[in-house]
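Please read the chain below with its model alongside. A short report on its helices, charged pairs and surface goes with them.

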Amino acid sequence: TTDPTTDSTDLTEAQLGSTLSSYRSLYQHLTFKQNILIQETESFVYELKRVAELWDEQWHGLITKMGSDLHNRVRTLTKEAVRLGRNPTLTDIQKVKLATDKFNAMLRPTRLTLAKLYEKTMVCP
């Protein structure tokens with residue numbers, strides 16, 4: 001049998017497959033026999049992972065990472081607004097609609113990323 005403490009890089013592909021199969025089989029057996037214990041353990045591990053990195057560090061890291069991308073998006077939106085403003089064939093209502101649609105489309109990835117981190121750090125499961 002394979003030693004579970006062995007580094008996976010030292011295992012052959014067959015040994016790794018066998019080990020994973022054994023783990024899967026053990027997990028299925030324990031889930032069948034001790035379902036509540038397994039669920040509580042999974043919940044505990046999830047919470048440990050969730051709080052291992054401080055929430056403010058996660059937010060700071062994300063905002064830092066997104067800063068230049070967001071700056072570029074705002075610059076693009078500003079140029080687009082100027083271009084739309086100079087278009088004599090569009091009504092003011094059409095210009096606002098186009099600018100709003102462009103704004104929503106360009107900032108959607110940012111909103112989704114922020115919402116995902118909010119769910120991860122602020123909402124209890």
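The report moves from the overall fold to helix H4, then to the salt bridges, the surface patch and a few individual residues.

**Overall fold**

The model is predicted. The protein has 4 helices and 0 strands. Along the sequence the pattern reads α-α-α-α. Of its 125 residues, 14% count as buried. The accessible surface comes to about 10200 Å². Carbon and sulfur atoms hold 62% of that surface. Contacts were also sorted by distance along the chain. Among those between residues at least 6 apart in sequence, 62% join residues at least 24 apart.

**Helix H4**

H4 spans residues 92-122. The helix bends by about 45° at leucine 107. A proline, proline 109, follows within four residues of that point. Leucine 107 is also one of the buried residues of H4. The others are Lys95, Met106, Thr110, Leu117 and Thr121. What do these buried residues of H4 pack against? Their partners are helix H2 (35-52) and helix H3 (55-85).

Lysine 95 deserves its own look. This residue of H4 is buried yet has no salt bridge. The nearest side chain of opposite charge belongs to aspartate 92, 4.3 Å away. A salt bridge needs the nitrogen within 4 Å of a carboxyl oxygen, so this pair does not count as one. Which residues does lysine 95 touch, leaving out those up to four places away in sequence? The answer is Leu84, Gly85, Asn87 and Leu90.

Alanine 81 gives another view of lysine 95. Alanine 81 is found in helix H3. The two residues are 14 apart in sequence, and their C-alpha atoms are 8.3 Å apart in space. Alanine 81 has 44% relative accessibility, so it counts as partly exposed.

**Salt bridges**

Side chains of opposite charge can pair when their charged atoms come close. Here the count comes to 3 salt bridges. The table lists them with the N to O distance.

| Pair | Helix | Separation in sequence | N to O distance |
|---|---|---|---|
| Aspartate 69 and arginine 73 | H3 | 4 residues | 2.9 Å |
| Glutamate 80 and arginine 83 | H3 | 3 residues | 2.5 Å |
| Aspartate 101 and lysine 97 | H4 | 4 residues | 2.8 Å |

How far apart along helix H3 are aspartate 69 and arginine 73, in turns? They sit about one turn of the helix apart. Glutamate 80 and arginine 83 are also about one turn apart in H3. In H4, aspartate 101 and lysine 97 are likewise separated by about one turn. An α-helix has 3.6 residues a turn, so residues three or four places apart point the same way.

Is glutamate 80 buried or exposed? Its relative accessibility is 17%, so it counts as buried, the cut-off being under 20%. Aspartate 69 is partly exposed, with a relative accessible area of 35%. Aspartate 101 is partly exposed too, at 37%.

**Surface patch**

Which residues make the nonpolar surface patch of about 380 Å²? They are Val51, Trp55, Tyr118 and Met122. Tyrosine 118 lies in helix H4. At 42% relative accessibility, this tyrosine counts as partly exposed. Membership of a patch calls for over 30% relative accessible area, so tyrosine 118 meets that requirement.

**Further residues**

Leucine 54 is found in the loop between H2 and H3. With a relative accessible area of 49%, leucine 54 is partly exposed; exposed would need over 50%. Leucine 54 and threonine 121 are 67 residues apart along the chain. Their C-alpha atoms are separated by 9.0 Å. Threonine 121 is among the buried residues of H4.

Isoleucine 38 lies in helix H2. At 13% relative accessibility, isoleucine 38 counts as buried. Isoleucine 38 touches Tyr27, Leu30 and Thr31, not counting residues up to four places away in sequence. What is the C-alpha to C-alpha distance from isoleucine 38 to glutamine 28? The two are 10.0 Å apart in space and 10 residues apart in sequence.

Key:
Residues numbered from 1 in each chain as written. Predicted model: local features only at pLDDT ≥ 70, side-chain atom pairs only at ≥ 80, totals over all residues. Heavy atoms only, no water. Helix = DSSP H or I, 4+ residues; strand = E, 2+ residues; numbered from the N terminus. Buried < 20%, exposed > 50% of the residue type's maximum accessible area, 1.4 Å probe, protein only. Contact = heavy atoms within 4.5 Å. Areas by Shrake-Rupley, 256 points an atom, 1.4 Å probe, with all protein chains shown as cover. Patch = residues over 30% accessible without salt bridge, like charges linked within 9 Å, V, L, I, M, F, W, Y side chains within 5 Å. Bend = angle between axes of the 7 residues up to and from the residue. Lys, Arg positive; Asp, Glu negative; His and termini not counted.
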